[in-house]
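User: Could you take a close look at one part for me, the largest cavity and what surrounds it? I would enjoy one connected walk through it.

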Amino acid sequence: MRSKVVVGLIVALVAVGLVAGFAMAQAKGGAKLLCVSKKELKGEETVASCLAKGERFAIVDPYGLVRILSPEEIELTKAFNPKAFETRAFGIKYQKLAPVITPLPVSPEVLD
């Protein structure tokens, strides 16, 4: 009987650890692409369509550091990660709803 209680406690601790680890990973998040010229955007349009209209965007990292993108940076980013501009556009007011920019897969050449 005693061993069943110990096993139950261990399973409970492992489950709590997994849930806590997942929650911390979600909280940390990653960089987000946010519209700075239309603060009220809530995913009605894509980032690409907003850029076509002349809206300005910034990248906000998990630490709250902001980098407003210049037209040159946008063009270079499109060349390296075009899928970043296919996501829904969110303004600063709705930053918590904005998706994290998907990182590029690591190429095998980088690992060598």
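Analyst: Happy to; here is the setting, then the cavity, and then the core and loops. This is a predicted model, in which local features need pLDDT of at least 70 and side-chain atom pairs count only at pLDDT 80 or more, while totals for chains, interfaces and linings use all residues. Residues are numbered from 1 along each chain as its sequence is written, and side-chain values use heavy atoms, with hydrogens and water left out.

The chain has four helices and five strands, where helices (H or I, at least four residues) and strands (E, at least two) are DSSP runs numbered from the N terminus. Their order from the N terminus is α-β-β-α-β-β-α-β-α. Of its 112 residues, 23% count as buried; buried means under 20% relative accessible area, exposed over 50%, and partly exposed in between, with a 1.4 Å probe and protein chains only. Among contacts with a separation of 6 or more, 63% join residues 24 or more positions apart, a contact being heavy atoms within 4.5 Å.

Now to the part you asked about. The structure holds one cavity of 30 Å³ or more, and about 70 Å³ of space lies in the largest cavity. On a 1 Å grid over the protein atoms alone, a cavity is a set of points where a 1.4 Å probe fits but cannot get out, and lining residues have an atom within 4 Å of a point. Grid points are joined across faces, edges and corners, and the volume is the space filled by probe spheres set on the points. The lining consists of Leu33, Val47, Ala84, Thr87, Arg88, Pro99, Val100, Ile101 and Thr102. By class, that is six nonpolar, two polar and one charged residues; Ala, Val, Leu, Ile, Met, Phe, Trp, Tyr, Cys and Pro count as nonpolar, Asp, Glu, Lys and Arg as charged, and the others, Gly among them, as polar.

Pro99, one of the lining residues, sits in the loop between β5 (88-91) and α4 (108-111). Pro99 is partly exposed, because its relative accessible area is 36%. Beyond residues up to four places away in sequence, Pro99 touches Lys32, Thr87, Arg88 and Phe90. Although Pro99 and Lys32 are 67 residues apart in sequence, their C-alpha atoms are 6.4 Å apart.

Two other lining residues, Ile101 and Thr102, lead us to Asn81, which contacts both of them and Leu104 when neighbours within four places in sequence are left aside. Asn81 is in the loop between α3 (71-80) and β5, and counts as buried because its relative accessible area is 12%.

The lining residues Leu33, Val47 and Ala84 also belong to the largest nonpolar core, a set of twelve residues that includes Cys35, Leu41 and Phe57. Such a core is a set of buried Ala, Val, Leu, Ile, Met, Phe, Trp, Tyr and Cys residues joined through side-chain atoms within 4.5 Å. The elements giving two or more residues to this core are β1 (32-35) and α2 (47-52), and α2 has the largest share, three residues. In soluble globular proteins, nonpolar side chains tend to be buried together.

Leu41, from that core, is touched by Tyr94, along with Lys39, Glu40 and Lys42. Tyr94 is found in the loop between β5 and α4, and is partly exposed with a relative accessible area of 22%.

Conventions
1 Å grid on protein atoms, 1.4 Å probe; cavity = no way out; pocket = protein on both sides within 12 Å on 5 of 7 lines; lining within 4 Å.
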